[in-house]
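Subject: Handing over the structure

Hello,

I am passing on to you the structure we spoke about, with the sequence beside it. Please open both and keep them in view while you read the notes that follow.

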Amino acid sequence: MTTVAAPGFVDRYAATFGRNKALLLRMSGLTAGEARAEGAWITDDRGRRWLDFGSFGVHLIGHRHPEVTAAAQEQLGRMGLSGKILGNSAATACAEALIAATPAGLDRVSFANTGSEAVEMAMKMAALATGRAEFVALRGSYHGKTAGALHLSDSMAGRSPLPLAAPVHFVEPGDEHGVRALLGTGRVAAVFAEPVRGEGGIRPVDPAYLAFLREETERTGTLLALDEIQTGLGRCGYLWRSAGDVRPDLLLVGKVLGGGLLPLAAVVHASGRIRESCADPVVLASSFAGGALAGAVGRAVIDVVSREAFLSGVRERAAHARSLLAERFAADPKIAAVRGEGLMIGLEAADESIAGHVVLEAAKRGVLISFCLSNPRVLRVYPTAGIDKSDLEDGIGRLAEALAASPATT
């Protein structure tokens with residue numbers, strides 16, 4: 001009798017998600033499936049451990065943070081999703097915590113499941129509040145992959161398969177004349193800005209320019225939306241990278257808010273600029289957003305990341321990481337730049353092929369990193385805040401080995 005071996009993980013993956021996606025796993029040597037995770041480490045179903053320097057910015061507090069996991073388990077013993085007819089206590093507590101953690105004047109919360117959903121919410125709120133239907137965003141921006149969010153994302157220009165009736169105008173960060181001209185038309189509902197353009201290549205925006213945007217939007221009756229989905233909740237070493245100094249009308253929050261356990265995002269907004277009727281409960285309603293489990297998790301995350309010990313720890317780890325990366329890579333001709341803020345660090349390779357090789361070689365050495373979606377020359381180095389110093393140093397050492405093993409060009 002012939003025995004047929006059970007299909008391996010990648011074969012099953014190919015059969016369900018497509019052969020092209022499976023091919024990427026095979027090329028990367030990632031032929032096992034992730035099975036469990038804790039702190040800075042992921043373990044696959046063969047028992048191999050991987051140091052997580054990626055995770056798309058979600059796992060700042062690490063995998064299965066004990067306080068957040070405990071809050072989730074306690075809430076699961078009582079209720080998961082909301083029934084949506086009654087108000088929900090856990091979601092309300094999370095909203096209260098968000099308001100307490102954001103600048104004065106931001107006093108209302110609308111929950112979403114993902115960052116892209118939060119962006120779409122903010123676009124709708126701005127249009128309803130101002131009666132205008134045009135938007136301004138920054139060159140190199142990225143705000144998500146839903147139809148509206150894609151159109152706000154200059155770095156994904158041309159990728160949206162759907163037209164958008166609302167025009168979006170892009171300006172270079174630092175361009176004051178262009179913003180004045182656009183806002184002077186009286187047709188712009190909101191200006192959207194990432195304090196650090198993440199998928200565009202980990203490119204910080206000058207805080208003075210964000211302050212200028214605040215002044216011009218105030219003067220012209222336009223709303224200012226700060227997208228802190230990647231930069232907020234401690235990623236840059238402070239609770240907010242810019243919202244603490246520049247008060248937006250709409251603050252977009254996500255990624256870290258879900259604690260690495262579930263998707264959770266929100267728009268925190270100012271009722272003084274956005275009337276209750278503009279946060280239309282029908283237009284903005286969701287079957288899943290604002291549930292009890294998400295509320296309990298989000299509340300626990302805010303508790304963790306709001307502590308000064310946590311934020312100072314991020315700054316300390318970030319300073320050490322940046323110092324090591326500069327020491328290892330700054331003089332290497334394969335690396336054009338090392339930049340970023342906090343634990344949101346970018347390594348810009350001399351060309352895309354080098355970046356691709358580094359990702360593959362790092363995987364061979366048990367380190368998981370990724371490149372920026374719309375700027376694949378830039379590698380994202382996103383360690384967890386609680387990573388052991390020795391693990392951080394070991395991971396950066398493995399990245400250096402991966403770079404050394406990569407050809408200068410192809």
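Below I go through salt bridges, two helices, a cavity and a few single residues.

Please keep in mind from the start that this is a predicted model.

**Salt bridges**

There are 27 salt bridges in the structure, and I have picked out three to look at in turn. In one of them, the side chains of Asp107 and Arg108 come together with N and O 3.8 Å apart. Asp107 has a relative accessibility of 28% and is therefore classed as partly exposed, and Arg108, with 32%, is also partly exposed.

Another salt bridge pairs Asp249 with Arg247, and here the closest N and O atoms are 3.9 Å apart. Asp249 has a relative accessible area of 0%, so it is buried, whereas Arg247, at 27%, counts as partly exposed.

In the third, Glu348 and Arg377 are partners, with 3.2 Å between their closest N and O atoms. Because Glu348 sits in strand β14 (residues 344–349) and Arg377 in strand β17 (residues 375–381), this pair ties together parts of the chain that are 29 residues apart in sequence. Glu348 is buried, with a relative accessible area of 10%, while Arg377 is partly exposed at 28%. Salt bridges can also share partners, and in this model such sharing joins Arg214, Glu218, Arg247, Asp249 and Arg273 into one network.

**Two helices**

How many residues does helix α5 have, and how far does it reach? Helix α5 runs over residues 115–130, which makes 16 residues, and from its first C-alpha to its last it reaches 23 Å, close to the 22 Å expected at 1.5 Å a residue. Its buried residues are Gly115, Ser116, Ala118, Val119, Met121, Ala122, Met123, Met125, Ala126 and Ala129. When you look at such a list, it helps to remember that an α-helix has 3.6 residues a turn, so residues three or four places apart point the same way. After α5 comes Gly131, which has a positive phi, near 70°.

Helix α8 (residues 207–220) can be checked in the same manner: its 14 residues should span 20 Å at 1.5 Å a residue, and its end C-alpha atoms are 20 Å apart, which agrees. Among the buried residues of α8 are Tyr209, Leu210, Phe212 and Leu213, and the list also includes Arg214, a residue that you have already met in the salt-bridge network. The buried residues of α8 are covered by elements including β5 (134–138), β6 (168–171), α7 (176–183), β7 (188–193) and β10 (223–227).

**The cavity**

The structure holds 1 cavity of 30 Å³ or more, and the space in the largest cavity comes to about 30 Å³. Which residues line the largest cavity? Its lining is made up of Phe329, Ile335, Leu347, Val358, Ile369, Leu379, Leu399 and Leu403. These divide into 8 nonpolar residues, with no polar and no charged ones.

**Ile274 and its contacts**

Is Ile274 buried or exposed? Although it is placed in the loop between β12 (265–269) and α9 (292–305), Ile274 has a relative accessibility of 1% and so counts as buried. Leaving aside residues up to four places away in sequence, Ile274 touches Met125, Ala129, Leu223, Asp249, Leu250 and His269. Of these, Met125 and Ala129 are among the buried residues of α5, and Asp249 belongs to the salt-bridge network. Ile274 and Leu250 are 24 residues apart along the chain, and their C-alpha atoms are separated by 9.0 Å.

**Two residues with positive phi**

Finally, please look at two residues that have a positive phi without being glycines. Phe56 has a phi of about 55° and lies in the loop between β3 (49–52) and α3 (66–76); with a relative accessible area of 43%, Phe56 is partly exposed. Lys84 has a phi of about 75° and is found in the loop between α3 and α4 (89–101), where, at 39% relative accessibility, Lys84 counts as partly exposed.

With best wishes

Terms used: Residues are numbered from 1 along each chain as its sequence is written. This is a predicted model: local features need pLDDT of at least 70, side-chain atom pairs count only at pLDDT 80 or more; totals for chains, interfaces and linings use all residues. Side-chain values use heavy atoms; hydrogens and water are left out. A salt bridge is a side-chain nitrogen of Lys or Arg within 4 Å of a carboxyl oxygen of Asp or Glu. Buried means under 20% relative accessible area, exposed over 50%, partly exposed in between (1.4 Å probe, protein chains only). Helices (H or I, at least four residues) and strands (E, at least two) are DSSP runs, numbered from the N terminus. The expected span of a helix is 1.5 Å times one less than its number of residues. On a 1 Å grid over the protein atoms alone, a cavity is a set of points where a 1.4 Å probe fits but cannot get out, and a pocket is an open set with protein on both sides within 12 Å along at least five of seven lines; lining residues have an atom within 4 Å of a point. Grid points are joined across faces, edges and corners, and a volume is the space filled by probe spheres set on the points. Ala, Val, Leu, Ile, Met, Phe, Trp, Tyr, Cys and Pro count as nonpolar, Asp, Glu, Lys and Arg as charged, and the others, Gly among them, as polar. Contact means heavy atoms within 4.5 Å.
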